[in-house]
Protein chains: 2
Amino acid sequence: MNAEILCVGTEILLGDIVNTNAAYLARELAALGIGCYYQSVVGDNAGRLAEGLQLALSRADMVITTGGLGPTYDDLTKETVAELFGLSMELHRPSLEKMEAMFKGRGRVFTKNNEKQAYFPKGAHIFDNDQGTAPGLAVESQGKVVILLPGPPREMTAMFQKQVRPYLESRSTRVLRSHTIHLFDIGESTVEDRLHQSMLDHENPTIAPYAKLGEVQLRVTASAADEAEAEALMQPVMEEICALFADHVYGVDVEDLQHALVGRLQELGQTIAVAESCTGGALAKRLTDIPGASRNFLGGVVVYTNEAKARFLDIPMADIEEYGAVSREIAERLARSVRGKLGADLGVGITGLAGPEGDGVHEVGTVFIALAAPEETFVREGHFTLRGRSGVRLYACQYAFDMIRRYLTGLPVIPEETQ
Amino acid sequence: MNAEILCVGTEILLGDIVNTNAAYLARELAALGIGCYYQSVVGDNAGRLAEGLQLALSRADMVITTGGLGPTYDDLTKETVAELFGLSMELHRPSLEKMEAMFKGRGRVFTKNNEKQAYFPKGAHIFDNDQGTAPGLAVESQGKVVILLPGPPREMTAMFQKQVRPYLESRSTRVLRSHTIHLFDIGESTVEDRLHQSMLDHENPTIAPYAKLGEVQLRVTASAADEAEAEALMQPVMEEICALFADHVYGVDVEDLQHALVGRLQELGQTIAVAESCTGGALAKRLTDIPGASRNFLGGVVVYTNEAKARFLDIPMADIEEYGAVSREIAERLARSVRGKLGADLGVGITGLAGPEGDGVHEVGTVFIALAAPEETFVREGHFTLRGRSGVRLYACQYAFDMIRRYLTGLPVIPEETQ
């Protein structure tokens with residue numbers, strides 16, 4: 001079985017958006033063991049879309065498209081596929097009703113052109129869209145499969161995870177299973193270096209490293225007749241990797257660092273409060289992205305200015321002047337004060353220079369991260385100079401989360417190698 | 001003149017990297033007024049690369065490739081182009097000498113396989129690579145042009161800026177210019193409905209709508225002999241659109257809603273403070289994403305719990321019990337209290353139900369957003385039921401930003417149609 005990816009959208013041809021959909025689908029297909037030799041992009045143009053589809057269908061068993069399912073006259077993908085296979089377009093009433101209810105719920109007018117999104121080529125398998133209006137679909141005809149997915153990445157990825165992947169798996173006799181090991185505070189080249197020999201040794205399961213913003217992931221994938229066999233193949237390799245990277249491993253098959261640590265807070269029934277200067281709310285935002293976080297996250301303050309530090313956390317102006325706003329001492333006071341104010345088990349304080357402007361004392365990218373626990377306050381100093389303002393803020397949050405994670409799992413809060 | 005982009009690399013087909021090169025080149029070609037109707041990706045495979053090139057050359061005047069110029073056996077792009085055009089490969093001595101000097105300068109051994117990078121199809125125009133080893137090249141033959149660029153984005157973009165763009169500009173007589181109009185609080189289908197007739201009427205400039213998360217953009221693009229003529233073509237259309245959508249237009253050629261309003265705060269020298277319940281720091285985070293925001297953003301509190309509301313903002317527990325944490329009254333008190341505490345010109349308070357859990361009173365997605373100004377406190381009630389927890393939080397921020405923007409530009413803070 002091999003597939004092609006065909007992304008539809010003039011905004012991609014104009015370079016207005018980066019085609020992350022193609023990369024996402026490519027990775028998912030690879031993980032499912034489905035070969036993919038071509039990716040293409042065409043604009044919202046009926047003739048070229050038809051040509052692109054025909055070409056892809058001549059080369060592959062399956063074509064996955066993204067985009068062109070919306071309500072406007074230049075959304076043409078469904079109509080083009082129907083014409084290619086000689087299928088009529090039919091109204092799918094449940095999709096129409098769902099859409100009408102959705103518009104009503106938001107108090108928006110359901111304009112006539114939206115109806116178009118509820119018409120599908122006859123016999124299509126429909127994928128619900130729980131993140132937007134346009135459903136996706138699969139059309140099987142003439143020994144080929146065409147899967148049409150919406151263009152907005154959030155809609156497309158959610159639909160793929162929940163509906164398209166199971167649909168594809170149900171068509172295959174082998175199963176592919178993966179686990180992802182999440183590593184923090186270690187670079188990709190170091191990971192590859194340590195792994196090198198065992199990477200070469202393993203063909204099933206395979207081991208693939210991915211450098212992500214702020215972490216490295218190792219994906220272990222096994223192909224087998226069934227799930228149990230796949231798991232049995234992976235188990236010893238997983239254990240070997242987890243032993244090799246020890247406390248750099250913050251989780252397996254977890255969403256991200258903050259999910260891992262909120263899970264840990266929930267298990268232990270511990271609470272946390274945060275005081276942020278340079279991260280400006282990013283830490284609180286990421287914690288509260290998680291549903292139910294309010295049971296363990298008691299609140300926070302964004303004390304960007306010295307006045308705010310004094311007003312909300314009673315940090316004397318004299319102290320800020322003595323130590324400087326960006327200092328180990330002020331980070332400690334932020335963490336301890338917010339912990340006390342909200343009566344939390346743990347308090348976090350972050351102060352640093354996100355840039356681009358400096359303070360004339362520290363290099364831009366210098367950050368002090370404090371974790372106040374009942375028995376002690378830990379401070380880690382970071383220098384995140386590589387990735388600009390957003391990188392400083394991102395890494396400051398990552399290291400704060402990692403300190404909490406390490407504390408809650410009984411590891412040294414500051415790794416010994418960095419002390 | 002039209003072009004195609006053909007990116008070469010198995011790592012793109014596997015989804016290991018996102019194809020930012022294609023987006024970059026697409027944008028540059030659009031800016032040069034060179035049409036581009038297809039983008040493709042093939043792996044490091046001689047047969048498929050040759051097929052992909054032939055297909056692209058059959059459809060376009062010019063093909064730009066990225067990748068496959070390196071020293072290893074699977075770097076095949078130059079050789080494939082040479083074969084296609086029946087050209088021999090010749091050593092380019094200056095490139096070889098430059099490469100040898102570079103290796104020497106870095107104390108690295110110049111291995112034999114690197115020589116391959118100094119061989120080019122006979123008659124090629126060579127683009128120096130000042131960021132890496134493999135030079136790029138242009139081959140003109142049989143009325144077509146093929147431009148071959150290295151795969152690493154840093155090398156490719158530097159080469160494009162300094163050498164390829166001038167090479168292309170010297171071949172073209174037209175320019176393309178665009179403006180983007182940003183709209184808020186109006187759906188894509190309504191935008192299109194209102195625009196429909198004028199969209200059809202205009203061929204130069206063209207008008208294209210894009211639905212983005214939390215807003216709609218309209219891109220106006222003109223083709224002309226020079227920049228002044230392009231601007232003159234766009235001006236009446238821009239004015240017509242801005243009049244048509246009136247106060248839904250929050251900016252032209254701006255980055256996003258928060259940049260537009262921070263710009264406005266800076267112009268007016270006004271300051272702001274925020275108190276967030278359900279958005280949990282997201283509002284502060286987005287404001288402080290902007291460099292220099294600290295001059296106008298005085299700070300914030302994340303008062304997720306009732307205790308935090310009482311502790312940081314002196315909101316009596318009795319009031320919270322009387323009105324409920326999710327209420328118009330509490331939003332007002334949050335906004336007014338944080339404004340007063342930090343001595344800001346404006347205060348924002350947000351309280352709502354981001355879900356998935358409800359409070360037994362309000363529907364999940366119900367949010368109250370308050371803006372406390374010196375003379376009055378405005379409250380807008382929103383029901384963001386469509387896009388899950390992250391959507392509720394996103395839209396709550398968008399509407400808060402829009403209320404501030406409307407206030408600062410003298411518009412009714414709550415649009416009349418929704419009152």
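Buried area is the accessible area that two parts lose on being put together, summed over both. In the predicted model described here, the area buried between chain B and chain A amounts to about 6,100 Å², and carbon and sulfur atoms give 57% of this area. Within chain B, the residues that lose the most area to chain A are B:Gln39, B:Phe312 and B:Leu386, which together account for 11% of what that side buries. In terms of residues, the contact takes 77 from chain B and 74 from chain A.

Polar and charged interactions also cross this interface. The rule finds five salt bridges between chain B and chain A, one of which is formed by B:Arg219 with A:Asp16, where the closest N and O atoms are 2.9 Å apart. Across the interface of chain B and chain A, 33 residue pairs are in polar contact, both residues of each pair being at pLDDT 80 or more. On the side of chain B that touches chain A, strand S2 (residues 35–42) of chain B gives the most, with seven residues. When that side of chain B is divided by class, it has 37 nonpolar, 21 polar and 19 charged residues.

Strand S2 of chain B also takes part in strand pairing between the chains, since five bridges join S2(B) to strand S2 (residues 35–42) of chain A, and the two strands run antiparallel. In this pairing, A:Tyr38 stands opposite B:Val42 in S2(B).

Within chain A, an open sheet is made of four strands in the order S10-S11-S9-S12, with antiparallel pairing. Strand S10 (206–212) and strand S12 (249–252) of chain A stand at the edges of this sheet, and each has a single partner strand, so that one side of each is left without a neighbour in the sheet. Neighbouring strands of the sheet are turned by 25° against each other on average when direction is ignored. The edge strand S10(A) is joined by seven bridges to strand S11 (residues 215–224) of chain A, and these two strands run antiparallel; A:Tyr210 stands opposite A:Gln217 in S11(A). Helix H2 (residues 20–31) of chain A lies across three strands of chain A, namely S9 (175–183), S10 and S11, and runs at about 40° to S11(A).

Technical notes
Residues are numbered from 1 along each chain as its sequence is written. Chains are lettered from A and ligands numbered from 1 in the order in which they are written. This is a predicted model: local features need pLDDT of at least 70, side-chain atom pairs count only at pLDDT 80 or more; totals for chains, interfaces and linings use all residues. Side-chain values use heavy atoms; hydrogens and water are left out. Contact means heavy atoms within 4.5 Å. Buried area is the accessible area (1.4 Å probe) that two parts lose on being put together, summed over both. A salt bridge is a side-chain nitrogen of Lys or Arg within 4 Å of a carboxyl oxygen of Asp or Glu. A polar contact is a pair of N or O atoms within 3.5 Å; within protein, one must be able to donate a hydrogen and the other to accept it, and residues adjacent in sequence count only if both atoms are side-chain atoms. Ala, Val, Leu, Ile, Met, Phe, Trp, Tyr, Cys and Pro count as nonpolar, Asp, Glu, Lys and Arg as charged, and the others, Gly among them, as polar. Two strands pair if DSSP finds at least two bridges between them. Axes are lines fitted to C-alpha atoms, for helices over the stretch in contact, and angles run from 0 to 180 degrees between N-to-C directions.
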